[in-house]
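Biologist: Please take a close look at the pairing of charged side chains in this model, and follow it into the neighbouring secondary structure. I would like the cut-offs stated as you go.

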Amino acid sequence: MKRLWLAAYRLRIVFRGIFLLLAIATVALALSLLQQEKQLALDAYQTHFDKTQQQLSALLRHPSGQLALLNPGMLNEASTGLHPVILPFAALDFDDQSKVQQAIAMSGCLQQYGENGDLCAGIGNSPWGGAFLYLAGHFNAPALTEHERGERDLSKADRLELTLNVDDQDFHWIAPFEADASKNNAAPVLRGRFTGFLVSDLEAGKSKPYKDFRALVWQQGRCNQPPANGDESQCQRTAFFSVRIAISQWQAAIYTNRNPAWPPTDLNRLRIHAQIKAANSEQVLLDSDHENRSGIFSLRDLQQHLLAGEKIEIRRLDQQKSYLQLQGDSAQALDQKALLIRLINWLPVEKRIWRLERKEVLNTAAFPVEFSLTGDQRSALQNLTIVAARISWYVAAMLLALLLAWGLLEVNIMRRITLLSKRAKALSSHVKASQGIDQFNLNDLRSADELGVLASCLQDLLRRVREDLEREQIRAAQEKDMWHAVGHEIMSPLQSLLALHQREDDPSLRYLQRMQQALTILYGNASPSEAFQASVLDIAPLELQQFVSTLIEYAPDAGIADLIWTEPRPAAEQNIWIKADAHSLEDVFSHILNNALRYRLPDTAIEIGLQADERYAVIRIQNRGPQIPEEMIDKIFEYGVSDQAEAGAMGQRGQGLFVAKTYMAKMGGTISVSNLDDGVCFVLTLPRAAAPL
């Protein structure tokens with residue numbers, strides 16, 4: 001008993017050491033993984049920072065970025081109404097539709113007003129391009145109604161109403177549409193102009209157009225959407241207009257000063273209100289003060305590209321103070337997991353750079369600016385803390401699992417092994433030795449621990465197993481003798497039947513020969529499965545198409561009706577020779593056809609298709625009916641597998657498809673099954689043979 005206790009103690013030392021090593025390995029693995037993740041995170045952040053700097057630099061060099069740099073204060077202030085911006089161009093060719101559209105689209109100055117249209121208001125970035133205010137955009141309207149010359153009521157035509165406030169002075173124009181008579185205004189484009197009249201002049205009885213107001217209009221001739229009733233007169237068409245207005249105050253400042261200030265100092269105070277109104281009504285087609293509008297790109301939009309700790313600073317080189325500073329999300333989340341942060345900071349890495357900075361000078365049309373991007377790689381640790389927290393849960397779970405496993409091993413296994421050893425030794429002392437057990441020698445496993453006691457007990461148990469094995473051999477021999485007797489008793493009357501049906505055209509002959517072959521295979525074997533697997537087939541060249549045709553012809557005699565070819569059927573003169581045993585192949589067809597007959601839907605045919613290439617011939621047997629469950633697809637060819645609870649009682653022992661697969665394998669072929677949309681398809685593949693001479 002003392003030796004048993006010492007043995008158990010030694011095993012517990014070993015197991016406890018193993019569990020301790022597993023715990024240390026788990027923690028070391030987690031730290032190693034976290035260290036690798038830290039290095040990868042820092043490298044990824046370095047790459048991301050460089051890519052962000054390149055993307056932001058490219059964005060600011062684009063005309064839309066140049067527009068934002070030229071208008072830092074204007075675009076960053078949340079305000080209502082339409083305000084002119086400094087365009088990244090010296091001037092606009094307002095009378096060239098394609099150039100104006102391309103310029104305002106590239107610059108990004110368009111403000112969208114839902115589905116009503118868009119507007120862009122701006123000035124050139126050079127005073128020498130002319131002190132002009134540009135207004136361009138799109139709106140949707142039916143075919144524009146023209147203002148008749150001499151008609152004093154301007155509301156009878158589609159019109160542009162524009163209000164401009166400069167230096168606390170208001171200018172209000174009404175500009176009706178006038179078609180261009182000098183050009184062909186047929187589809188697809190209607191061209192014209194908005195002729196501007198000052199409201200103050202109209203009220204004073206003057207009807208002369210304002211000379212510094214120039215506006216052109218182009219309207220597409222086709223409808224935006226085909227009209228439901230076929231009437232295209234009221235369908236919506238897209239129109240584009242371009243307006244240029246000379247600002248006299250700005251022009252006077254330019255021509256009177258040698259070095260005029262540009263942009264104008266009062267640009268931020270300039271207010272614009274533009275409306276497009278329909279003819280014969282006050283319906284507003286486009287309103288610059290409409291609330292449903294989207295802002296244009298501003299420098300503050302760059303903030304969405306920044307990670308925690310990153311900072312953008314933009315300043316003019318001729319000014320010391322930066323006019324824009326943007327910073328990514330605060331990195332306060334790093335302090336919420338101080339323990340994890342300290343652990344991550346403690347882990348050594350090959351490359352450790354905690355601050356990054358990139359500077360670049362960007363030239364605009366008005367002034368150069370310095371663009372600076374500063375990063376902090378500690379922001380990369382923000383996501384790493386999430387990984388660390390997840391790993392910590394896994395480590396804690398692993399350590400807890402190891403602790404539970406050790407406790408269960410101590411309480412439920414080691415203690416029980418000790419008790420089992422005592423009881424097994426007491427039991428083996430009552431077992432008497434018997435002859436023939438020497439071949440099951442376990443003396444080399446005997447020792448002073450519990451496993452040695454168990455080995456001694458197993459030595460005695462193996463004797464019992466040997467006795468049971470001898471009894472099983474006796475039973476198998478008796479069963480084999482029974483198969484001999486059964487085969488002998490059936491073979492005699494079967495030979496008599498063969499003598500009565502010797503004619504080749506007798507339909508019964510082929511079935512009697514198959515019975516004889518089956519009895520020959522089964523005769524002298526212990527079980528049907530062993531018999532079929534041990535059978536030897538007589539494989540010879542066989543003409544497949546004639547074989548299948550004969551099979552279809554005699555199928556009704558075997559109770560299988562409605563067996564047909566699948567179109568297109570191979571030509572009758574096309575001989576397909578294969579390597580097969582005719583009786584075994586017919587047995588394969590019989591098992592598959594009986595299976596298809598049992599499951600096919602009433603009044604449906606069983607279809608046989610035949611294809612061949614240079615190496616193989618393929619037979620497809622298809623029936624319409626229920627599909628085979630997915631879990632049974634790979635099992636139905638096993639011996640004894642059947643989907644019917646009373647299969648044995650009904651003569652269906654689950655050996656038909658097993659026999660078919662065994663015969664196909666012995667003939668060098670394969671058999672498979674698959675579900676179709678409306679049934680099941682068996683596919684037989686056999687190697688081709690050369691035609692006999």
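**Salt bridges and the elements around them**

Modeller: K156 and E151 meet through their side chains in a salt bridge, at 3.8 Å from N to O (the term requires a side-chain nitrogen of Lys or Arg within 4 Å of a carboxyl oxygen of Asp or Glu). The model is a predicted one, where local features need pLDDT of at least 70, side-chain atom pairs count only at pLDDT 80 or more, and totals for chains, interfaces and linings use all residues. Residues are numbered from 1 along each chain as its sequence is written, and side-chain values use heavy atoms, with hydrogens and water left out.

K156 is partly exposed at 40% relative accessibility, and E151 is partly exposed at 30% (buried means under 20% relative accessible area, exposed over 50%, partly exposed in between, with a 1.4 Å probe and protein chains only). A search of the whole structure gives 14 salt bridges. Another of these joins D318 and R316, whose closest N and O atoms are 3.0 Å apart. Here D318 is exposed, with a relative accessible area of 52%, whereas R316 is partly exposed at 21%. Elsewhere, R159, E161, K277 and E282 form one network through salt bridges that share partners.

The side chains of D50 and R358 form a salt bridge at 2.8 Å, N to O. D50 belongs to helix 1 (residues 2-61) and R358 to strand 15, so this pair ties together parts that are 308 residues apart in sequence (helices, H or I with at least four residues, and strands, E with at least two, are DSSP runs numbered from the N terminus). D50 is partly exposed, with a relative accessible area of 24%, and R358 is partly exposed at 27%.

Strand 15 leads to an open sheet of 4 strands in the order 14-13-16-15, with antiparallel pairing (two strands pair if DSSP finds at least two bridges between them). Strand 14 (324-327) and strand 15 (356-363) are its edge strands, each pairing on one side only. The twist from one strand to the next averages 15° (axes are lines fitted to C-alpha atoms, for helices over the stretch in contact, and angles run from 0 to 180 degrees between N-to-C directions). Within this sheet, strand 13 (residues 311-316) and strand 16 (residues 368-375) are antiparallel, joined over 6 bridges, and K311 stands opposite T374 in strand 16.

For context, a further open sheet has 5 strands in the order 18-20-21-23-22, with mixed pairing. Its edge strands are strand 18 (563-565) and strand 22 (670-675), each with pairing on one side only. Neighbouring strands are turned by 20° against each other on average, direction ignored. Helix 12 (residues 544-554) packs on this sheet, touching strand 18, strand 20 (606-612) and strand 21 (616-624), with its direction at about 150° to that of strand 18 (contact means heavy atoms within 4.5 Å). Helix 13 (residues 582-599) lies across strand 18, strand 20, strand 21, strand 22 and strand 23, at about 20° to strand 21. The buried residues of helix 13 include L585, F589, I592 and L593, along with the charged residues E586 and D587.
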